[in-house]
Amino acid sequence: MRPNKKIKNIHMKKIFLSIAIAFSVATNAQVTKVSLQASGLTCSMCSNSINKALRTLDFVDKVDADIKRYTFEISFKQNSSVDFDMIKKKVEGAGFAVSGFVATIVFNNVRVMNGQPITIEDKTFYFVNTNDQPVNGAREVKVLDKGFVSPKEYKRNAFPVSTLHTYHATL
């Protein structure tokens, strides 16, 4: 290869890399906790069943249950990758359903735009019903997909079935 052509190839690779970095929407944000509401609970043993199932996840640090509200506050080990789908599967595996799923995510100057994908850790979020805005600090993000909200609420939104680790959400 001639020296001129070699320099052009290196220059083109740098341009393509710069473009790829510029269009990447990966963010500097971390999921710190999830507030999960379960349906189908009738007693404290039901709550205990979900609690035990959630504690088996290696990224879960602590689970606090509120039996009266059927909610579970789940906190995570620092710098761990949180898997929303595994949390949902553990609740379903215990014989119950998730009827509400709100993640607390710490954002560091992230621009949220309605309908535009944002990658947080290994998850892609499509924010809906929200104004375009920069987001900083801890914010509650409600997941709106099937299996993360009640069937009634899902029918109101009726998002297409998402692929693994892709979610529709609102602030």
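Good morning. Glu153 is buried, with a relative accessible area of 13%. I begin with this residue to introduce my topic, the charged side chains of this structure, which is a predicted model.

What does Glu153 pair with? Glu153 forms a salt bridge with Lys142, and the closest N and O atoms of the two are 2.9 Å apart. This pair links distant parts of the chain, since Glu153 belongs to helix 4, residues 151-157, while Lys142 belongs to strand 7, residues 133-143. The two residues are 11 apart along the sequence. Lys142, for its part, is partly exposed, at a relative accessible area of 26%. Glu153 is called buried because its value of 13% falls under the limit of 20%.

For those new to the subject, a general remark may help. Side chains of opposite charge can pair when their charged atoms come close.

How many salt bridges does the model contain? The count comes to 6. Let me present some others.

Helix 3, residues 84-93, holds both Glu92 and Lys88. They are 4 residues apart, which is about one turn of the helix. These two side chains form a salt bridge, with 3.6 Å between the closest N and O atoms. Is Lys88 buried or exposed? Lys88 counts as buried, at 16% relative accessibility, whereas Glu92 is partly exposed, at 36%.

Next come Asp64 and Lys62, whose salt bridge has its closest N and O atoms 3.8 Å apart. In this pair, Asp64 is partly exposed, with a relative accessible area of 39%. Lys62 is also partly exposed, with a value of 44%.

There is, in addition, a network of salt bridges, which links Glu121, Asp122 and Lys123.

I turn finally to Arg55 and its polar contacts. Arg55 is found in helix 2, which covers residues 44-55. At a relative accessible area of 48%, this arginine is partly exposed. Which side chain does Arg55 touch through a polar contact of 2.7 Å? The partner is the side chain of Asn51. A polar atom of the Arg55 side chain also lies 3.1 Å from the backbone oxygen of Val63. As for the path of the chain, Arg55 and Ile74 are 19 residues apart in sequence, and their C-alpha atoms are separated by 9.2 Å.

To close, I return to the opening residue: buried Glu153 is joined by a salt bridge to Lys142. Thank you for your attention.

Terms used: Residues are numbered from 1 along each chain as its sequence is written. This is a predicted model: local features need pLDDT of at least 70, side-chain atom pairs count only at pLDDT 80 or more; totals for chains, interfaces and linings use all residues. Side-chain values use heavy atoms; hydrogens and water are left out. A salt bridge is a side-chain nitrogen of Lys or Arg within 4 Å of a carboxyl oxygen of Asp or Glu. Buried means under 20% relative accessible area, exposed over 50%, partly exposed in between (1.4 Å probe, protein chains only). A polar contact is a pair of N or O atoms within 3.5 Å; within protein, one must be able to donate a hydrogen and the other to accept it, and residues adjacent in sequence count only if both atoms are side-chain atoms.
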